[in-house]
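Student: Could you take me closely through one part of this model, the metal site and the strands and helix around it? I would like one connected account rather than a list.

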Amino acid sequence: MARARAASVAASSEYTGDDGIRRPGGEVHAWTPGMNQTLCGLALSRTRLRRFPHVPFDFKATDVITAEDRIGYICPRCVAATSRRGERSWTRTSPRP
Ligand SMILES: [Zn+2]
């Protein structure tokens with residue numbers, strides 16, 4: 001399944017996981033590699049967001065942040081911008097009996 005446009009993560013902070021891979025933390029936005037701003041229009045240089053081209057932005061509106069996550073805030077506008085592309089149906093209504 002090819003995604004129409006792959007969005008990666010831009011975040012306000014970062015930490016290194018047990019596997020040595022950088023992971024996003026803090027405030028998380030969607031960002032397309034090669035662009036200098038997030039999908040919701042924040043300039044990366046001005047907001048000092050870090051880029052994570054190796055981390056796909058696959059957060060959904062239904063995602064719940066747990067205490068173990070280092071992520072404190074998922075930008076709802078970026079979630080809307082990525083889920084509107086429609087290749088992933090995040091609302092699954094079960095048929096009524
Ligand atoms: Zn955003």
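Tutor: Strand 1 (residues 8-16) and strand 2 run antiparallel and are joined by eight bridges, and the two form a hairpin with five residues between them, where Gly20 in the turn has a positive phi of about 85°. This is a predicted model, and the values that follow are computed from it. Within the hairpin, Ala10 has His29 of strand 2 as its bridge partner, and His29 is also one of the residues that coordinate the zinc ion, through its ND1 atom.

On another pairing, strand 2 runs parallel to strand 4, with three bridges between them, and Val28 stands opposite Ile74 of strand 4. Strand 2 is mostly covered, seven of its ten residues being buried.

The metal site itself draws on His29 (ND1), Cys40 (SG), Cys75 (SG) and Cys78 (SG), which coordinate the zinc ion at 2.0 to 2.4 Å. The arrangement counts as tetrahedral because the angles subtended by the four donor atoms run from 104 to 122°; for reference, the ideal angle for four tetrahedral donors is 109.5 degrees. Along the sequence the donor residues follow the spacing H-x10-C-x34-C-x2-C. Distant parts of the chain are linked by the pair Cys40 and Cys75, 35 residues apart, with Cys40 in the loop between strand 2 (22-31) and helix 1 (44-47), and Cys75 in the loop between strand 4 (71-74) and helix 2 (76-83). Both of these cysteines, Cys40 and Cys75, are buried.

The donor Cys78 belongs to helix 2, where Cys78, Val79, Ala81, Thr82 and Ser83 are buried, and the buried residues of this helix pack against strand 2 and strand 4. Ser83 deserves a closer reading: its relative accessibility is 19%, and because buried means under 20%, Ser83 counts as buried. The side chain of Ser83 reaches back to the backbone oxygen of Val79, at 2.5 Å.

A last residue to consider is Val55, which lies in strand 3 (residues 50-56) and, at 17% relative accessibility, therefore counts as buried. Leaving aside neighbours within four places in sequence, Val55 is in contact with Ser8, Val9, Arg22 and Pro24. For Val55 and Arg22, the C-alpha to C-alpha distance is 8.9 Å, while their separation in sequence is 33 residues.

Conventions
Residues numbered from 1 in each chain as written. Predicted model: local features only at pLDDT ≥ 70, side-chain atom pairs only at ≥ 80, totals over all residues. Heavy atoms only, no water. Donors = N, O, S within 2.8 Å, 3.2 Å for Na, K, Ca; no water. Tetrahedral: all angles 85-135°; square planar, octahedral: opposite > 155°, others 65-115°. Helix = DSSP H or I, 4+ residues; strand = E, 2+ residues; numbered from the N terminus. Buried < 20%, exposed > 50% of the residue type's maximum accessible area, 1.4 Å probe, protein only. Contact = heavy atoms within 4.5 Å. Polar contact = N/O pair within 3.5 Å; in protein donor to acceptor, adjacent residues only side chain to side chain. Pairing = 2+ DSSP bridges.
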